[in-house]
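Q: Please take a close look at the aromatic rings here. I would like to know how they pair, where the partners sit, and what else packs on them.

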Amino acid sequence: MKVAKFGGSSVASAEQLRKVANIITDDSDRKAIVVSAPGKRNEQDTKVTDLLIALGEAYQRGESYEEQLEQVVARFRDITNELGLDDNVLSEIKEDVKEVFASDYSDAFKIDAIKSIGEDSLAKVLSNYLKSLGLQATYLNPKDAGIYVSDEPGSAQILEESYQYLYKLRDREEIVVIPGFFGYTKDGKLVTFSRGGSDITGSIVAAGVQADLYENFTDVDSVYCVNPNIVKNPKEITSLTYKEMRELSYAGFSVFHDEALIPAFKASIPVCIKNTNNPNGLGTIIVAQKETSENPVVGIASDTGFLSLYVSKYLMNRELGFGRRLLNILEDECISFEHTPSGIDDLSVIIRESQLTKEKEQIVINRIKNELDPDTVYIERDLALIMIVGEGMDSTIGIAEKATSAFAKANVNLEMINQGSSEVSMMFGVKASGVEAAVKSLYKEFFE
């Protein structure tokens with residue numbers, strides 16, 4: 001049994017849905033289908049989920065949301081008209097919006113319910129289209145599928161009991177089409193995963209039915225070893241381990257939501273990334289283990305938008321609880337951190353800039369000065385992180401030397417090196433302005 005998930009670009013139009021239907025009919029093992037909301041049809045287009053978010057924000061401001069609602073309805077009208085389907089889904093969208101705003105749920109739950117309408121409506125359209133082609137297919141609401149989640153609007157976590165309910169899908173004869181991105185709490189509230197969470201749903205369903213393969217269809221032939229916007233025609237990665245993909249996803253690879261593989265990883269289900277527009281292509285297979293090669297580096301990832309909180313104090317290493325108290329200050333201010341490279345008298349905390357706003361900056365610095373009495377404390381913004389990723393790097397001689405040589409050739413200064421905290425990655429901090437030059441130089445060093 002295979003679970004196939006189709007992303008936003010794969011379901012953006014009637015033309016794309018015809019491709020999706022052909023892929024489903026091409027393999028009778030594809031029995032569980034998970035879909036996103038319609039994505040962009042072109043660069044100038046707007047994703048349906050973004051339209052729905054704008055709709056919800058207009059409601060919260062007390063403004064009219066009719067314009068955004070009509071844009072959403074128009075997107076689905078274009079699809080149903082071109083596929084020759086009835087337009088019942090259009091009235092259902094309007095009714096869903098009305099019901100959500102009339103409910104007594106808090107605004108956070110209302111916005112989650114509004115955001116989910118894109119996936120939910122697309123699943124209904126696709127199941128109707130498959131039926132029109134003579135296939136046994138049915139729309140399956142996540143509640144009926146057994147996808148139960150925690151009571152955390154916008155960042156739901158799957159409840160373990162869901163998997164025993166999902167396993168029952170194996171007994172169904174028909175193709176089930178499940179909307180991604182959301183589940184239900186035990187008391188029946190609709191709650192979404194974090195943004196891009198349809199990938200999470202696909203992985204959850206694959207783990208629940210104990211699929212032989214989880215196929216994630218997107219708009220690229222495979223995962224590339226580096227961002228193709230930085231390096232032209234980069235090499236494709238044919239196989240990855242879960243750990244490698246997790247590291248690459250975290251550090252800016254946009255093919256996968258960085259939480260998406262966890263359920264599949266725990267269930268040891270192989271994942272294949274494929275292109276809806278080229279379904280016969282090889283794709284990239286993600287597995288638990290693979291053989292290491294002479295060059296263990298499989299990818300180079302980069303992401304901007306970081307800062308470094310630097311704290312220095314003589315004999316810091318002898319001051320019991322210093323690091324804990326520093327991190328407690330961040331916790332009190334609701335700031336999560338990414339990494340904490342440290343020395344004997346120095347400690348840096350790497351934080352996403354979105355976490356530590358300019359408004360919070362002075363509060364944090366004042367608290368550190370008053371509560372920890374450091375010699376030096378300052379914040380350095382506009383940092384980027386670059387990661388080279390690959391299982392087996394920790395046991396291969398010369399990887400760090402090649403990497404630092406590449407930075408030197410690119411004339412990019414290293415602000416931070418973090419090796420050893422992960423056996424499958426090596427992290428470097430640089431000024432954001434040097435990212436492209438550094439990545440190009442690293443690619444040349446490891447892949448050319």
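A: What follows goes through ring pairs, then a cluster, then charges over rings.

First, the ground rules. This is a predicted model, in which local features need pLDDT of at least 70, side-chain atom pairs count only at pLDDT 80 or more, and totals for chains, interfaces and linings use all residues. Residues are numbered from 1 along each chain as its sequence is written, and side-chain values use heavy atoms, with hydrogens and water left out.

A search of the whole structure gives 10 aromatic pairs. Rings of Phe, Tyr and Trp (its six-membered ring) pair if their centres lie within 6.5 Å. Planes under 30 degrees apart are called stacked, those over 60 edge-to-face, and the rest tilted.

Take Y242 and F265. Their rings meet edge-to-face, with 5.3 Å between centres and 70° between planes. The pair joins distant parts of the chain, 23 residues apart. Y242 belongs to helix α10 (residues 242–250). F265 belongs to helix α11 (residues 262–266). Helices here are DSSP runs of H or I with at least four residues, strands are runs of E with at least two, and both are numbered from the N terminus.

How buried or exposed are the two partners? Y242 counts as buried because its relative accessibility is 3%. F265, at 41% relative accessible area, is partly exposed. The cut-offs are under 20% for buried, over 50% for exposed, and in between for partly exposed (1.4 Å probe, protein chains only).

Now F407 and F428. This pair is tilted: the centres are 4.9 Å apart and the planes make 50°. It also links distant parts of the chain, 21 residues apart. Here a helix meets a strand: F407 is in α14 (residues 399–409), and F428 is in β17 (residues 425–431). Both rings' residues, F407 and F428, are buried.

Rings also group. Y59, Y65 and F101 make up one aromatic cluster.

Last, the charges. A charge sits over a ring if NZ of Lys or CZ of Arg is within 6 Å of the ring centre and within 35 degrees of the ring normal. K143 places its charged end over the ring of Y184, 4.8 Å from the ring centre. K186 lies over the face of Y148, at 4.4 Å from the ring centre.
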